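Subject: Structure for your review

Dear colleague,

Please find the structure below, together with its sequence. A short account of what was found in it follows.

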Amino acid sequence: MNIKEMTRQDCVALLKAQRLGRLACVRDHKPYVVPVHFAFGENSIFSFSLPGRKVDWMRANPHVCLQVDDVGGVDGWRSVVVEGVFEELPKAPDPDAGLTSAERMTAPVDGDRQLAWSLLATHANWWEPGALKPGDALAPSGSHLFYQIRIEVLSGRQASW
């Protein structure tokens with residue numbers, strides 16, 4: 001078996017081709033790893049979540065790591081690791097938040113949130129494994145959130161026979 005470093009271009013190609021990764025975060029010197037569906041953007045990983053342990057931990061320590069792989073073939077495997085910083089993507093202002101119509105019209109709309117939505121929505125069931133689709137009657141209203149991981153370090157390895 002021959003193992004070699006992947007180029008940045010090869011790492012990006014794998015991130016664009018895959019949509020399931022393993023997100024690692026740390027709080028109080030304890031690690032936590034969970035599967036997440038994601039979409040790759042220029043220099044960010046975009047994802048969606050309901051509130052919970054993962055989000056609490058990333059808010060407390062925004063330095064995270066995402067591992068994505070392709071091990072499905074007999075020819076070898078590829079694995080990419082993304083090191084980056086978690087950032088929540090804010091919602092547009094609530095129409096009932098007491099803003100005038102002029103203020104609502106001029107309030108900034110977060111382009112990264114729109115980009116995240118558009119990239120994630122290209123895949124069926126993109127809200128999984130978060131379990132509930134936005135607008136689902138079982139989810140608490142307004143509880144869904146989008147986030148990005150701003151990529152700081154991108155590396156990968158691949159093996160072939």
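Leaving aside its neighbours within four places in sequence, with which residues is Gln158 in contact? In this predicted model, the residues concerned are Asn2, Ile3, Lys4, Met6, Trp77 and Arg78. Gln158 itself lies in strand E8. Its relative accessibility is 19%, and it therefore counts as buried, the cut-off being under 20%.

Met6, one of the contacts of Gln158, deserves a description of its own. Met6 is placed in the loop between strand E1 (2-5) and helix H1 (8-17). Because its relative accessibility is 9%, Met6 also counts as buried. When neighbours within four places in sequence are set aside, Met6 is in contact with Cys11, Leu14, Arg78, Ser79, Val80, Gly156, Arg157 and Gln158. One of these contacts, Val80, is 74 residues apart from Met6 along the chain, and the C-alpha atoms of the two are separated by 8.3 Å.

The second subject is helix H2, which spans residues 53-60. Its buried residues are Lys54, Val55, Trp57 and Met58. Seen down the axis of H2, these buried residues fall within an arc of 165°, which means that they line one face of the helix. In an α-helix there are 3.6 residues a turn, so residues three or four places apart point the same way. The buried residues of H2 pack against strands E2 (20-27), E3 (30-37), E5 (44-49), E6 (63-73), E7 (76-89) and E8 (145-160). Strand E8 is also where Gln158 lies.

Yours sincerely,

A colleague

Methods: Residues numbered from 1 in each chain as written. Predicted model: local features only at pLDDT ≥ 70, side-chain atom pairs only at ≥ 80, totals over all residues. Heavy atoms only, no water. Buried < 20%, exposed > 50% of the residue type's maximum accessible area, 1.4 Å probe, protein only. Helix = DSSP H or I, 4+ residues; strand = E, 2+ residues; numbered from the N terminus. Arc of directions from axis to C-beta. Contact = heavy atoms within 4.5 Å.
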